Amino acid sequence: SCYGSVIVYEEPLAAPLDTTFISIFSEFHSDTYFRYVRPMPTSIDLDIVQRFHKQDSSLLPTQFYDGSSHKAYLTPSRAWENWYCRSNLGKDQYQCHTLLPKFYDPANHVSETEIRRDATKGRGHYAVTDIPEGSFINADDSHIHLHMHRYQWEALNDFVEKFPDAQMYRDLKNFFESYGYENEPNGLSGWSVSIANNNTFT
């Protein structure tokens, strides 16, 4: 059978029993998957409040699990990444045999770019040196950005639809749509927009 997504996570508190767990999702674009990968701890905490069977009011519903611990489950360790890239499943995949080795080589990163203004086009983003094919350009975008998870993006869209006179919320939505990019199906789920990079306003 085929699975939509598989997530491996570690829970040291499970020792001396097995500390590695595997979450399997039958479909990638499923509500179950997207609820699992929500990065905001409070969203998981509220699920515990709303979905767990009611306990003795003097006791917490869980002893070792909450939103913050769940957030740690979302990113597999480097050890699991190495294992995957050596496995029969991962060894022939581009991200294992080409992308990772290239990314960690400084010679493959280029940041020599500039913004030039054009009377017709407005702003333009230009390279100031020759860029070899396959280079990573302005990789700072990967961490200098605002990210809105899928469920947050859906909530914003619903809010703007219900309250069309909420100008600043509509502007926020337009900002993401005009200058951002959607992260589907790989990487962060939702929308991201650079906040300190020349890529944004070109």
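At 31% relative accessibility, F159 counts as partly exposed, and in this predicted model the residue belongs to an aromatic pair with Y169 that serves as a starting point for the ring contacts described below. The structure holds 15 aromatic pairs, and the chain averages a pLDDT of 86, with 93% of the residues scoring at least 70.

**Aromatic pairs**

- The rings of F159 and Y169 lie 4.6 Å apart, centre to centre, with 50° between their planes, and the pair is classed as tilted.
- Because F159 lies in helix 6 and Y169 in helix 7 (residues 167–179), this pair ties together parts that are 10 residues apart in sequence.
- Y169, at 43% relative accessibility, also counts as partly exposed.
- F103 and Y104 form an edge-to-face pair, because their planes stand at 90°, with the ring centres 5.5 Å apart.
- Within that pair, F103 is partly exposed, with a relative accessible area of 34%, whereas Y104 is exposed, with a relative accessible area of 56%.
- A cluster linked by ring pairs takes in W153, F175, F176, Y179 and W191.

**Charges over rings**

- The charged end of R116 is placed over the ring of Y126, at 4.6 Å from the ring centre.
- R38 lies over the face of Y151, and here the distance to the ring centre is 5.9 Å.

**Confidence by element**

- Among the elements of the chain, helix 6 (residues 150–162) has the highest mean pLDDT, 94, while strand 5 (residues 122–127) has the lowest, 78.

Note on methods:
Residues are numbered from 1 along each chain as its sequence is written. This is a predicted model: local features need pLDDT of at least 70, side-chain atom pairs count only at pLDDT 80 or more; totals for chains, interfaces and linings use all residues. Side-chain values use heavy atoms; hydrogens and water are left out. pLDDT is the predictor's confidence in each residue, from 0 to 100. Helices (H or I, at least four residues) and strands (E, at least two) are DSSP runs, numbered from the N terminus. Rings of Phe, Tyr and Trp (its six-membered ring) pair if their centres lie within 6.5 Å; planes under 30 degrees apart count as stacked, over 60 as edge-to-face and the rest as tilted. Buried means under 20% relative accessible area, exposed over 50%, partly exposed in between (1.4 Å probe, protein chains only). A charge sits over a ring if NZ of Lys or CZ of Arg is within 6 Å of the ring centre and within 35 degrees of the ring normal.
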